[in-house]
Amino acid sequence: MSPPISSSSSASDVIDFVVHKGNGVKGLVDTGLETVPEPYIQPLEERLDPTKFQPENFIPIIDVSNWDDPKVVDSICDAASKWGFFQIVNHGVPLEVLENLKSAAHSFFQLPSEERKKYLKENSPSEAVCLCTSFSPQAEKVLEWKDFLRLSWVSEDQASAFWPPVCKEEALEYVKKVELVTKRLLEALLKRLGVKEIDKTTEYKLTASPILSLNYYPCCPSPELTAGVGRHSDVSTITILLQDDTGGLYVRGTSEDSWIHVPHVTGALVINIGDVLQIMSNDKYKSIEHRAIASRSKNRVSIPFFVNPGSDATIGPLPEVLASGETPIYKHVVFSDYFKHFFSKGHDGKKTVEFAKI
Ligand code: OGA
Ligand code: NI
């Protein structure tokens with residue numbers, strides 16, 4: 001039998017195999033492919049230019065062993081307003097929980113392709129789990145070199161019933177621990193905005209529908225031609241990202257068109273501000289553009305925990321932020337509309353936030 005995909009396959013054969021048949025980039029790489037197929041080749045202007053890299057030591061690493069220390073709160077809020085991106089260490093999630101989760105992500109993607117396919121949207125028994133590839137294959141011009149398993153947090157019962165057995169325990173353990181980190185971070189960030197206590201309504205707007213994504217970037221024969229994830233800011237309130245030691249995550253630098261590598265720090269979690277918090281804070285905090293690239297020699301995993309509002313929540317600048325008479329930059333939008341807008345196009349840097357601008 002001839003291999004399903006070879007160097008002579010057409011672009012539509014590749015898309016059919018990866019997207020429609022649900023084999024993913026993982027399935028593509030498993031065919032033994034030696035060159036990057038055309039649907040994955042980024043135009044020159046979207047490729048990372050190594051001559052434009054800035055040094056790594058820009059991104060703050062904050063020790064949060066004492067969350068209540070005003071200096072810690074200051075560091076978090078300063079990093080969130082200046083950078084929108086930082087790492088935290090001594091956050092209370094044990095190293096073992098982090099390592100187990102990364103292994104579990106590898107285990108899922110190492111399942112035979114027929115097993116993985118049980119979680120494709122059309123086969124999945126529940127909205128709590130969905131195996132996807134690229135970002136928004138129907139809407140984007142060039143595909144991204146990435147598969148991901150989206151684990152939506154509806155309830156513990158749903159997660160226990162429907163998340164894949166191969167990664168369920170590890171993911172549940174992590175979510176329980178990381179929820180505490182989320183709470184601490186948001187308390188610090190909102191206090192600075194004049195919110196004395198996060199009540200139930202605000203909590204719903206900030207955190208009601210989190211998503212844990214197991215991102216898998218298989219080895220790529222020519223990563224420099226591709227995007228693992230193209231330039232974007234997250235639509236979340238905040239994102240807490242666990243990355244492995246492969247490297248490949250970059251954030252927008254300070255000089256034009258420059259990018260800064262976010263180094264792997266053992267035991268650290270990478271925090272970034274999402275569009276929702278930028279909107280709610282009326283630009284006090286900024287969601288920053290970032291991107292990721294696959295490796296030539298290692299299968300990379302990264303695991304973002306997207307802290308998202310409830311889908312029917314209305315988001316807009318917080319009354320506390322506008323209390324001093326500041327002009328609102330954003331209108332109020334329903335989060336599900338914002339989310340749909342994000343997926344209605346390919347990744348395009350910070351453009352999504354325009355959707356909510358007045
Ligand atoms: C994302 C993302 C970065 C990474 O999934 O939104 O930015 O390092 N991922 O995988
Ligand atoms: Ni992101």
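Biologist: Which strands each supply at least two residues of the shell around ligand 1?

Modeller: In this predicted model, they are strand E6 (211-217), strand E12 (290-292) and strand E13 (300-307), a strand being a DSSP run of at least two residues, numbered from the N terminus. Four residues of the shell, the largest share, come from E13. Residues are numbered from 1 along each chain as its sequence is written, and local features need pLDDT of at least 70, while side-chain atom pairs count only at pLDDT 80 or more.

Biologist: What makes the approach of Arg 300 to ligand 1 a polar contact?

Modeller: A polar contact is a pair of N or O atoms within 3.5 Å; a polar side-chain atom of Arg 300 lies 2.8 Å from an oxygen atom of ligand 1, so the pair satisfies that cut-off. His 232 places a polar side-chain atom 3.0 Å from a ligand 1 oxygen, and for Asp 234 the corresponding distance is 3.2 Å. The protein covers 96% of the 290 Å² of accessible area that ligand 1 has on its own, as computed by the Shrake-Rupley method with a 1.4 Å probe.

Biologist: Why are His 232, Asp 234 and His 290 called donors of the nickel ion (ligand 2)?

Modeller: Donors are N, O and S atoms within 2.8 Å of the metal (3.2 Å for Na, K and Ca); His 232 (NE2), Asp 234 (OD) and His 290 (NE2) lie 2.1 Å from the nickel ion, and therefore they qualify. Water is not among the atoms, so the site may look incomplete. The donor residues follow the spacing H-x1-D-x55-H.

How values were computed. Chains lettered and ligands numbered in written order. Heavy atoms only, no water. Polar contact = N/O pair within 3.5 Å; in protein donor to acceptor, adjacent residues only side chain to side chain.
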